Amino acid sequence: QVQLVESGGGLVQAGDSLRLSCVASGIILRIDVMGWYRQAPGKQRELVSFITSGGSTNYTDSVKGRFTISRDNAKNTVYLQMNSLKPEDTAVYYCNLRGRGWRTDLELWGQGTLVTVSS
């Protein structure tokens with residue numbers, strides 16, 4: 001069974017930093033894209049950032065210059081370093097993976113990790 005497990009969320013003050021991690025386990029033959037989404041209370045889930053197998057990255061405008069996504073291919077792990085956090089970054093953060101498993105395409109979601117930024 002392929003699954004994603006996130007960690008690293010918590011309660012911080014504005015200006016602080018957090019690092020989220022997401023580990024993929026199970027039979028994964030290829031990972032094409034790993035990314036992070038977030039969903040704030042009362043809002044739709046939005047893409048925060050993604051990184052491709054080749055290392056290309058993309059960020060939503062509101063986090064550019066503050067967040068950095070990276071991945072460790074050997075560990076099937078993606079990270080999101082979040083600096084200069086703002087109250088508007090408060091949300092549940094979800095890891096997402098797209099790739100190929102055993103005889104099936106994969107699109108997986110983690111269980112979510114809560115990030116709360118106080119002012």
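This talk walks through a predicted model, from its strands to its core and its disulfide.

Good morning, colleagues. Let me begin with one of the sheets. Four strands form an open sheet, and their order is β1-β3-β8-β7, with antiparallel pairing. At the edges of this sheet stand β1, residues 3–7, and β7, each of which pairs on one side only. From one strand to the next, the twist averages 15°. As general background, strands of a sheet pair through backbone hydrogen bonds, either parallel or antiparallel.

Within this sheet, I draw your attention to the pair β7 and β8. These two strands run antiparallel and are joined by six bridges. Asp72 has Thr77 of β8 opposite it.

I turn now to strand β9, to which much of this talk is devoted. How many of the residues of β9 are buried? Eight of its eleven residues are, and the strand is mostly covered. Which strands does β9 pair with? With β4 it shares ten bridges, and the two run antiparallel. In that pairing, Tyr37 stands opposite Tyr94 of β9. With β10, β9 shares five bridges, again in an antiparallel arrangement. Here Arg100 faces Asp105 of β10. With β11, three bridges are found, and these strands also run antiparallel. Ala91 stands opposite Val115 of β11.

The connection from β9 to β10 deserves a word of its own. The two strands form a hairpin with three residues between them. In the turn, Arg103 has a positive phi of about 65°.

Let us look at two residues of β9 in detail, beginning with Leu97. Leu97 is found in this strand, and its relative accessibility is 0%, so it counts as buried. Setting aside residues up to four places away in sequence, Leu97 touches Leu4, Ala24, Ile28, Ile31, Val33, Met34, Leu106, Glu107 and Leu108. By contrast with those contacts, consider Ser17: it is 80 residues from Leu97 in sequence, and the two C-alpha atoms are 24 Å apart in space.

The second residue is Gly101, which also lies in β9. Is Gly101 buried or exposed? Its relative accessibility is 1%, and because buried means under 20%, Gly101 counts as buried. Beyond its neighbours within four places in sequence, Gly101 is in contact with Ile27, Leu29 and Leu106. The C-alpha atoms of Gly101 and Val5 are separated by 17 Å, with these positions 96 residues apart along the chain.

Next, the core. The largest nonpolar core of the model has 30 residues. The residues with the most contacts inside it are Trp36, Phe67, Val78, Leu80, Met82, Tyr93 and Leu97. Which elements give two or more residues to this core? They are β3 (18–25), β4 (28–39), β5 (46–52), β7 (67–72), β8 (77–82), β9 (91–101), β10 (105–109) and β11 (113–118). Val78 is a useful example from this list of well-connected residues. Not counting residues up to four places away in sequence, Val78 touches Leu20, Ser21, Cys22, Met34, Trp36, Ile51, Ile69, Ser70, Arg71 and Cys95.

Two of those contacts, Cys22 and Cys95, bring me to the disulfide. A search of the whole structure finds one disulfide. It joins Cys22 to Cys95, with a distance of 2.1 Å from S to S. Cys22 lies in strand β3 and Cys95 in strand β9, so the pair ties together parts that are 73 residues apart in sequence. The torsion about the S-S bond is about -85°, which means that the disulfide is left-handed. Both cysteines are buried.

Finally, a residue outside the strands. Where is Val63 placed? Val63 sits in the loop between β6 (57–59) and β7. With a relative accessibility of 0%, Val63 counts as buried. Apart from neighbours within four places in sequence, Val63 is in contact with Arg38 and Val48. Leu18 is 45 residues away from Val63 in sequence, and 13 Å separates the two from C-alpha to C-alpha.

To close, I would leave you with three points. β9 pairs with β4, with β10 and with β11. The disulfide joins Cys22 to Cys95. The largest nonpolar core has 30 residues, and Leu97 of β9 is among those with the most contacts inside it. Thank you for your attention.

Technical notes: Residues are numbered from 1 along each chain as its sequence is written. This is a predicted model: local features need pLDDT of at least 70, side-chain atom pairs count only at pLDDT 80 or more; totals for chains, interfaces and linings use all residues. Side-chain values use heavy atoms; hydrogens and water are left out. A nonpolar core is a set of buried Ala, Val, Leu, Ile, Met, Phe, Trp, Tyr and Cys residues joined through side-chain atoms within 4.5 Å. Buried means under 20% relative accessible area, exposed over 50%, partly exposed in between (1.4 Å probe, protein chains only). Contact means heavy atoms within 4.5 Å. A disulfide is a pair of cysteine sulfur atoms within 2.5 Å. Two strands pair if DSSP finds at least two bridges between them. Axes are lines fitted to C-alpha atoms, for helices over the stretch in contact, and angles run from 0 to 180 degrees between N-to-C directions.
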